[in-house]
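Subject: Structure handover

Hello,

Here is the structure I said I would pass on. Please open it alongside this message, as the notes refer to it throughout.

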Amino acid sequence: AAGELQTVAAPDCLPLTCKDSMSDKIAVIGSGSWGTTLAILAARAGRDTWLWARTPEEAEMLNLRRENSRFLPGVPFPDTLRVSGDAAEVLADAAVVLLVSTAQRMRENVRHLRDLFPPDAILLSCAKGLELGTLKRMTTVIQDLAGRDGSSPAGDPIQTQATVELSQLIELGGKRAARQRLATANRDLAS
């Protein structure tokens, strides 16, 4: 039914680590510990990965140190991970947008960035929790503001397990094209 999230098995990989015919670019919105962790994993997997920092000063510091010393001290960025405070640069031509804001900042970030989301990009909510006041899930907040369905990894994100393996299930809602593209990409990789 429209608006319902459905679980789709991903045979070998998720959009974060899959290499396929669509753009390899992953845009990570949120430079806290979880966003940085996902950006590092995507870059290590060989994806063209961009991490958005909220300010040019934060981006400069992350690029200079090549680690997020505030949230992940001692974990170096792969050489291929790019950090920018320019949201348009980060989001340009992204195949997948990982929205890793806290639940209470998701609405603000999506409202600010929605006109920059590539029209065919998969919007993947990597935030847990409900929005205070509305009690909406993050996928619903994304849908309300971006005018299209968001998706979310199954289960709660646990950073310590992310370096071993991301979930083999992915919940994709509403957007048939995104589900079909993901299924096709995974089928192509499995063969």
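Below is what was found in the sheet and in the helices that pack on it. Please keep in mind that this is a predicted model.

The sheet

The sheet is open and built from five strands, which run in the order S4-S3-S2-S5-S6 with parallel pairing. Its edges are strand S4 (81-84) and strand S6 (122-125), each of which pairs on one side only. On average, neighbouring strands of this sheet are turned by 20° against each other, direction ignored.

Strand S2

Strand S2 (residues 25-29) and strand S3 (residues 48-52) are joined by five bridges in the parallel sense. Within this pairing, Lys25 has Asp48 as its bridge partner in S3, and Ile26 is matched there with Thr49. S2 also pairs with S5, again in the parallel sense, over four bridges. Ile26 takes part here too: its bridge partner in S5 is Val96.

How much of S2 is buried? Five of its five residues are, so the strand counts as mostly covered. In a regular strand the side chains alternate between the two faces of the sheet. In S2, Lys25, Ala27 and Ile29 lie on one side, Ile26 and Val28 lie on the other, and all of these are buried, which leaves both faces of the strand covered. Note that Lys25 is included in the buried set.

Helix H1

Helix H1 (residues 33-44) packs on the sheet and touches S2, S3, S4 and strand S5 (96-99). The direction of H1 makes about 165° with that of S3. Together, S2, H1 and S3 form a β-α-β unit, and this unit is right-handed.

Helix H5

Helix H5 (residues 138-146) also packs on the sheet, where it touches S5 and S6. The angle between its direction and that of S6 is about 145°.

Which residues of H5 are buried? They are Met138, Thr139, Val141, Ile142 and Leu145. Seen down the axis of H5, these buried residues fall within an arc of 160°, so they line one face of the helix. The general background is that an α-helix has 3.6 residues a turn, so residues three or four places apart point the same way. Just after H5 comes Gly147, which takes a positive phi of about 75°.

Regards

Methods
Residues are numbered from 1 along each chain as its sequence is written. This is a predicted model: local features need pLDDT of at least 70, side-chain atom pairs count only at pLDDT 80 or more; totals for chains, interfaces and linings use all residues. Side-chain values use heavy atoms; hydrogens and water are left out. Two strands pair if DSSP finds at least two bridges between them. Helices (H or I, at least four residues) and strands (E, at least two) are DSSP runs, numbered from the N terminus. Axes are lines fitted to C-alpha atoms, for helices over the stretch in contact, and angles run from 0 to 180 degrees between N-to-C directions. Contact means heavy atoms within 4.5 Å. Buried means under 20% relative accessible area, exposed over 50%, partly exposed in between (1.4 Å probe, protein chains only). A crossover is right-handed if, with the strands pointing away from the viewer, the path from the first strand over the helix to the second runs clockwise. The arc is that of the directions from the helix axis to the C-beta atoms.
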